[in-house]
Every structure is written in structure tokens, then in C-alpha cells.
Amino acid sequence: MTAVTLLPYADFLGIRIQGERAGAPLLVMPFSEGLLNLQGGLHGGAISGLLEIAATAAIDATLEEGEDPRSVFKPITVTVDFMRPGLPADVYACGEVVRVGGRVANVAVSAWQDDPDRVIAAARMNFAITPPAEK
Amino acid sequence: MTTGFDPAALLASAKGGHIVALGLRFVAQGSDWCEFAIDYDRRLVSDAASGILASGPIVSLMDTAAGFAVWTKRGGFKPQATLDLRLDYLRPSRPGQTVTGRAECYRLTRRIAFVRGVAHDGDPDDPVAHLAGTFMLLEPK
């Protein structure tokens with residue numbers, strides 16, 4: 001697994017890499033008041049943002065050492081299922097790269113809070129991979 | 001507006017939270033839809049070089065517009081939870097542009113609300129994303 005850099009939007013959400021899980025980066029989004037919705041739970045958009053960042057980090061981590069970064073990932077479709085309410089607490093997420101090809105990467109990603117077996121949200125995300133030269 | 005749900009009043013009562021942190025603005029409301037906007041912010045980009053807004057803030061924009069559309073159709077701020085959301089990104093939004101998202105609650109059953117929506121960055125005929133989703137209603141309407 002190579003070093004992974006997070007997006008500026010990840011900093012905005014306070015997301016950090018906390019380690020690794022099944023060969024993919026394990027991300028944490030520490031709880032903050034700015035993640036809440038109007039009903040006192042975590043905003044679905046913030047959870048989706050964490051899932052997206054975990055997905056791109058998982059793709060990044062599939063690169064071989066020394067390989068040029070595939071610097072641009074553009075999401076094509078994102079489908080998020082919310083299973084449990086997001087409580088005002090830290091959230092973890094980790095992606096599983098189902099397939100990474102030359103043009104498209106398919107990623108499954110899930111998020112949980114205290115118990116990894118109690119998933120609060122999961123997503124399937126399909127990304128277009130743009131080589132840096134075609135930016 | 002006769003829906004009985006006033007987005008501006010609800011937002012004015014919110015002291016903080018994700019809507020305020022992202023700078024989401026309420027724009028307009030109809031009988032079964034709501035429109036919000038997010039101004040361009042360099043902290044929300046996916047890649048510092050391209051300056052393209054990450055997709056996460058657009059999910060937040062559309063989730064918020066959709067939730068408000070459901071409250072509008074339900075006629076009040078009642079408990080509900082997003083069940084699922086699908087976003088199709090037709091193209092990246094242009095750096096510097098405000099993104100506007102309108103979501104409509106096109107069907108309300110006793111337990112589920114069905115929503116759809118479109119986000120654009122200036123021209124509604126040239127959208128950046130389409131939304132389809134459902135919400136669980138946590139109290140009978």
C-alpha cells in the first residue's frame with residue numbers, strides 16, 4: 001500500500017487516515033458540531049462525503065510503489081444506503097476496490113461508529129479515472 | 001406558501017450544523033419542492049489543482065434540498081431519515097460557480113417519500129448532477 005493523500009474537502013470534514021484495514025486505508029471523521037443535521041444526527045451528506053473520500057483513498061492505495069498517481073477521479077455514479085442513524089460520535093469508513101481498470105474503478109465502501117459490524121451507511125461508487133496528462 | 005412548512009424559519013432557528021458549515025442557502029420553495037444553493041468554496045474542492053468542487057458537498061446540497069422537499073410536502077418539520085440516495089454526475093461543476101439544487105418529493109406514502117432532483121451551476125438546461133432517493137417517515141403523516 002502506498003502513501004495516500006486526502007482531498008482538501010477531507011480536511012474540511014476533519015477526516016484523517018487512522019490506519020489500515022484489509023489492505024485499504026481506514027479513515028476516521030471525528031465528531032464535530034458542523035456535521036450535524038437539523039434533527040441532531042449526522043448529516044447524510046457528511047457521511048456520504050466520508051464514504052467518497054474512503055473510496056478514493058482505497059483506489060489510491062492499489063497503486064504500486066513508484067507508479068504515477070492517477071491523479072483525477074471523477075465520480076460517475078454514487079449510490080448510498082443509510083442503514084442506521086448517524087449518532088453524534090466519530091465515524092469510520094473503509095473502501096473495498098471491487099475492480100480498478102484503465103478507465104473506471106468500482107468501489108464498495110461502508111461506514112460505522114463504535115462497532116464495525118453495525119454499518120450505518122454503505123455505498124457503491126463508480127469513478128472515471130483520468131490520467132494526469134488528460135486533465 | 002400554504003404548505004405549513006417554512007424552510008427559512010427552520011434554518012433561522014439552526015445555530016450551526018452541517019448546513020451552516022457548508023454555507024448552504026435556501027433559495028425557493030414550491031408545493032412539493034425546495035431549492036438550495038452552495039457558493040463556490042476552495043475548502044470544498046476535490047483536487048487543489050483543478051479546483052473542481054468535490055461531489056460530497058453536492059450530495060449534501062441535494063440531500064438537504066430533498067429533505068426540505070419532503071418536509072414541504074408533509075407540511076411540517078417531522079422526523080424522517082434518508083433511506084437511500086443515488087447521484088449521477090453528468091459533468092464536473094465549473095470552478096468558481098455557485099451550484100443550485102432543486103429536489104421534488106413526487107410521491108408520499110405512509111412510510112416512504114420518493115424524491116428526485118437536479119443540480120446545475122448556472123444553466124438549468126445543462127445540469128451537473130441528477131438525484132433519485134427515498135426517505136423513511138418516522139411518524140405517520
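These exercises work through a predicted model with chains A and B.

**Exercise 1. Gauge the confidence of the model.**

Task: State the model scores, then the mean pLDDT of chain B.

Solution.
- Step 1. Start with the global scores. The ipTM is 0.92 and the pTM is 0.93.
- Step 2. Go to the residue level. Chain B has a mean pLDDT of 93. In that chain, 96% of residues reach 70 or more.
- Step 3. Keep a caution in mind. Predicted coordinates should not be read in detail where pLDDT is low.

**Exercise 2. Describe the fold of chain B.**

Task: Work out how many helices and strands chain B has, and in which pattern they follow each other.

Solution.
- Step 1. Count the elements. Chain B holds three helices and six strands.
- Step 2. Read them along the sequence. The pattern is α-α-β-β-α-β-β-β-β.
- Step 3. Compare the radius of gyration with the globule rule. Chain B comes to 15 Å, close to the 14 Å that the rule gives for 141 residues, so chain B is as compact as a globular protein of that length.
- Step 4. Add the extents. The C-alpha trace of chain B spans about 50 × 30 × 25 Å along its principal axes.
- Step 5. Check burial. Of the 141 residues in chain B, 43% are buried.
- Step 6. Check contact range. Take the contacts in chain B between residues at least 6 apart in sequence. Of these, 66% join residues at least 24 apart.

**Exercise 3. Characterise the side of chain B that touches chain A.**

Task: Find which element of chain B gives the most to this side, and how its residues divide by type.

Solution.
- Step 1. Count both sides. On chain B, 32 residues are in contact with 30 residues of chain A.
- Step 2. List the elements of chain B that give two or more residues. They are helix 2 (18-22), helix 3 (55-74) and strand 3 (80-89).
- Step 3. Pick the leading contributor. Strand 3 of chain B gives the most, with nine residues.
- Step 4. Sort by type. This side of chain B has 16 nonpolar, 10 polar and six charged residues.

**Exercise 4. Place Ile59(A) in its surroundings.**

Task: Decide whether Ile59(A) is buried or exposed, and name the residues that it touches.

Solution.
- Step 1. Locate the residue. Ile59(A) lies in helix 2 (residues 44-60) of chain A.
- Step 2. Count neighbours. Ile59(A) has 21 other C-beta atoms within 10 Å. The cut-off for burial is 20 or more, so Ile59(A) is buried.
- Step 3. Name the contacts, leaving out residues up to four places away in sequence. Ile59(A) touches Phe73(A), Val97(A), Val100(A), Ala105(A), Val107(A) and Phe127(A).
- Step 4. Widen the view to the helix. All 17 of the 17 residues of helix 2 of chain A are buried, so this helix is largely enclosed by the rest of the structure.
- Step 5. Check its geometry. Helix 2 of chain A reaches 24 Å from first C-alpha to last, close to the 24 Å expected at 1.5 Å a residue.

**Exercise 5. Trace the strand pairing in chain A.**

Task: Follow the pairing from strand 1 through strands 2, 4, 5 and 6 of chain A, with the sense and number of bridges for each pair.

Solution.
- Step 1. Strand 1 (residues 16-21) pairs antiparallel with strand 2 (residues 24-29) over five bridges. Arg16(A) has Val28(A) as bridge partner.
- Step 2. Strand 2 pairs antiparallel with strand 4 (residues 91-100) over four bridges. Leu26(A) stands opposite Cys94(A).
- Step 3. Strand 4 pairs antiparallel with strand 5 over eight bridges. Their hairpin runs through three residues. Arg99(A) stands opposite Asn106(A).
- Step 4. Strand 5 runs antiparallel to strand 6 (residues 119-130), joined by nine bridges. Their hairpin runs through six residues. Ala108(A) has Arg124(A) as bridge partner.
- Step 5. Split strand 5 (residues 104-112) by face. The covered face has Ala105(A), Val107(A), Val109(A) and Ala111(A). The uncovered face has Val104(A), Asn106(A), Ala108(A), Ser110(A) and Trp112(A).

**Exercise 6. Examine the backbone at Ala22(A).**

Task: Find where Ala22(A) lies and what its phi is.

Solution.
- Step 1. Locate the residue. Ala22(A) is in the loop between strand 1 and strand 2 of chain A. The hairpin of these strands has two residues between them.
- Step 2. Read the angle. Ala22(A) has a positive phi of about 50 degrees, although it is not a glycine.
- Step 3. Set this against the usual pattern. Most residues other than glycine have a negative phi.
- Step 4. Check exposure. Ala22(A) has 9 other C-beta atoms within 10 Å, so Ala22(A) is exposed.

How values were computed:
Residues are numbered from 1 along each chain as its sequence is written. Chains are lettered from A and ligands numbered from 1 in the order in which they are written. This is a predicted model: local features need pLDDT of at least 70, side-chain atom pairs count only at pLDDT 80 or more; totals for chains, interfaces and linings use all residues. Two residues are in contact if their C-beta atoms, placed from the backbone, lie within 7 Å. Ala, Val, Leu, Ile, Met, Phe, Trp, Tyr, Cys and Pro count as nonpolar, Asp, Glu, Lys and Arg as charged, and the others, Gly among them, as polar. A residue is buried if 20 or more other C-beta atoms lie within 10 Å of its own, exposed if 12 or fewer, and partly exposed in between; C-beta atoms are placed from the backbone. The expected span of a helix is 1.5 Å times one less than its number of residues. Two strands pair if DSSP finds at least two bridges between them. The radius of gyration is taken over C-alpha atoms; the globule rule is 2.2 Å times the number of residues to the power 0.38. pLDDT is the predictor's confidence in each residue, from 0 to 100.
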